[in-house]
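Student: Please take a close look at one sheet in this model and at what packs on it. After that, follow the chain outward to the parts around it.

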Amino acid sequence: MKIFKHFAITLLAIVGLLVLTILLSVTAFKKELVSYLSQSNQEQIQTYYVADIPVVPENFAIDFKSIHSQVVEKCSLYKQKGYDIDSIYTTFAKRIGSNVQTKADYGMMLYEYFAALNIGHAGVLLNMYAAEYHPTIVEDRVFISKPNEHFINCGFCDKDEIVAINNTPIEKYINNRKKYTSASTENYRLRRTQLGVFTSQTDSIITCDVRRDEDIITLNLPLNCRPHSDTQQAYYKILNDSIGYICIESMMYNVVEDFKQAYEQVQNLPYLIIDVRHNGGGNSGNGRLIAEYLVRNPQRHCVGGDITPQPNAYKGKLFLLTSNYTFSAAESFAIDLKESGNAILVGEVTAGDTGCRPENFVSKYGIWFRIPTREPHFSPKGFPMEGVGVEPHHKVKQSVEDFLNDKDTAIEYILYELCK
């Protein structure tokens, strides 16, 4: 009986120790979790308009030095560019105190500094005034196409041409703003600046001179800064009864589900056009998941991982529409489809920057910025992932004549030249 009692006491002691160990482990885990969440909350990005940045003029030099030091240490791409990054820093640092005196001056200087790095995924993260609308660029002219409610209420009409902004001819206005635009290629710098004419770092309203037929009309456009709405990211239509068309607007949000729903409607047609001309990227993982429906054989995803074809992967003739604005995750998607060998690319050379793992950093006084951190690398078939745009098999640009007649030049080319 004594032996049994001793055994029971020993067993209870062991169980007690186990319970205590578990409780301590759970408590430690909770503390680590709370600490992690607290740290994450502290690192939430806070953005400002240039006039409201949290840096006083006497600290501009210190703040800028802290930004440049992190760029030198963390940025993975500038060494391959062949420029002297410290010389770039010196050029901009000398401006502080002379022509950089106000917060707005300093904010605009940071835009210009990051643009000078010639990296599409490098940039300062500040607020912009925006009209949430991209114009249509045709032969380097800026047009309104299917204006949204805000533009209609401001007096804009379909096919209006923007000929001046804030009393500056549109070509000069765009050229003046290019120095603030981050890009890895000059084609993309120009296109990104053109598409951004209805945004501003400093002005909440702009004035547009519009050519409508033979008249020039002046319209005021408030730039209402609102968050991007989570709208449909992919949609389909059927052309000429036998040609499917899916436009993928971005690689963000619910794009994979939107794509799959669209794909179900066109997967059995003999021809399929995928359009990423207006796609500025997002999550490359989404591009990989979409590519699984469009490649026929397993292959490496150019960013990393594998692409395994779905059982119902497309078997017909596949076309991919690209433009100078096809950027980031949309560009890695284009590389994957081109390297699969079963997609014909039509349109323009892409932007020339797939991302190279961009990460966010913060300056000494709280200005957030973004730079790529992955070393330069190549796709599975040797294509550089930054600095060079993807060439289409057939170069086709939209013409003004076709635009004014509601014809898509690239799609027309596919329909009547390639679908035979």
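Tutor: The part to examine is an open sheet of 6 strands, ordered E10-E11-E12-E15-E16-E19, with mixed pairing. The model is a predicted one. E10 and strand E19 (394-395) are at the edges with a single partner strand each, so each has one side left without a neighbour in the sheet. H9 packs on this sheet, where it touches E10, E11 and E12, and its direction makes about 15° with that of E10. Within the sheet, strand E15 (residues 317-322) and strand E16 (residues 343-347) are paired in the parallel sense over 5 bridges. One of the pairings can be located by residue: Leu 318 has Ala 343 in E16 as its bridge partner. In general, strands of a sheet pair through backbone hydrogen bonds, in either the parallel or the antiparallel sense.

Helix H9 (residues 255-266) deserves its own check. Its 12 residues should span 16 Å at 1.5 Å a residue, and the end C-alpha atoms are 17 Å apart, which agrees. The buried residues of H9 are Val 255, Val 256, Asp 258, Phe 259, Ala 262, Tyr 263 and Val 266. They cover an arc of only 155° around the axis, which puts them on the same side of H9. An α-helix has 3.6 residues a turn, so residues three or four places apart point the same way. The partners of the buried residues of H9 are strand E10 (234-239), strand E11 (243-248), strand E12 (271-275) and helix H10 (284-291). The list thus includes a helix, H10, as well as strands of the sheet.

Next comes the loop that follows E16. Cys 356 is placed in the loop between E16 and E17, and so is Arg 357. Cys 356 has a positive phi of about 55° although it is not a glycine, and Arg 357, also not a glycine, has a positive phi of about 50°. Most residues other than glycine have a negative phi. The two residues can also be described by their burial. With a relative accessible area of 5%, Cys 356 is buried, whereas Arg 357 is partly exposed at 48%.

The loop leads to a second sheet. It is open, has 3 strands in the order E1-E18-E17, and its pairing is antiparallel. Strand E1 (123-124) and E17 stand at the edges, each with a single partner strand, so one side of each is left without a neighbour in the sheet. Strand E17 (residues 358-362) pairs with strand E18 (residues 368-372) in the antiparallel sense over 5 bridges, while E1 and E18 pair in the antiparallel sense over 2 bridges. Arg 370 in E18 appears in both pairings: Asn 360 stands opposite it, and Gly 123 does as well. The hairpin of E17 and E18 has 5 residues between the strands, and there Gly 366 takes a positive phi near 100°. Helix H2 (residues 60-74) lies across E17 and E18 and runs at about 20° to E18.

The hairpin has a neighbour from far back in the chain. The C-alpha atoms of Gly 366 and Val 55 are separated by 7.8 Å, although the residues are 311 residues apart along the chain. Val 55 sits in the loop between helix H1 (2-42) and H2. Its relative accessible area is 0%, and Val 55 is therefore buried. Not counting residues up to four places away in sequence, Val 55 touches Phe 60, Asp 63, Lys 103, Tyr 106, Tyr 365 and Ile 367.

A further buried site is Arg 189, which is found in helix H8 (residues 186-195). Its relative accessible area is 6%, so Arg 189 counts as buried. The side chain of Arg 189 reaches the backbone oxygen of Thr 181 at 2.5 Å and that of Ala 115 at 3.4 Å. Leaving aside neighbours within four places in sequence, the residues in contact with Arg 189 are Ala 115, Asn 118, Lys 178, Thr 181, Ser 182 and Ala 183.

As for the setting, the protein chain has 13 helices and 19 strands. Of its 420 residues, 47% count as buried. Among contacts in the protein chain with a separation of 6 or more, 69% come from residues 24 or more positions apart.

Notes. Residues numbered from 1 in each chain as written. Predicted model: local features only at pLDDT ≥ 70, side-chain atom pairs only at ≥ 80, totals over all residues. Heavy atoms only, no water. Pairing = 2+ DSSP bridges. Helix = DSSP H or I, 4+ residues; strand = E, 2+ residues; numbered from the N terminus. Contact = heavy atoms within 4.5 Å. Axes fitted to C-alpha atoms, helices over the stretch in contact; angles between N-to-C directions. Expected span 1.5 Å × (residues − 1). Buried < 20%, exposed > 50% of the residue type's maximum accessible area, 1.4 Å probe, protein only. Arc of directions from axis to C-beta. Polar contact = N/O pair within 3.5 Å; in protein donor to acceptor, adjacent residues only side chain to side chain.
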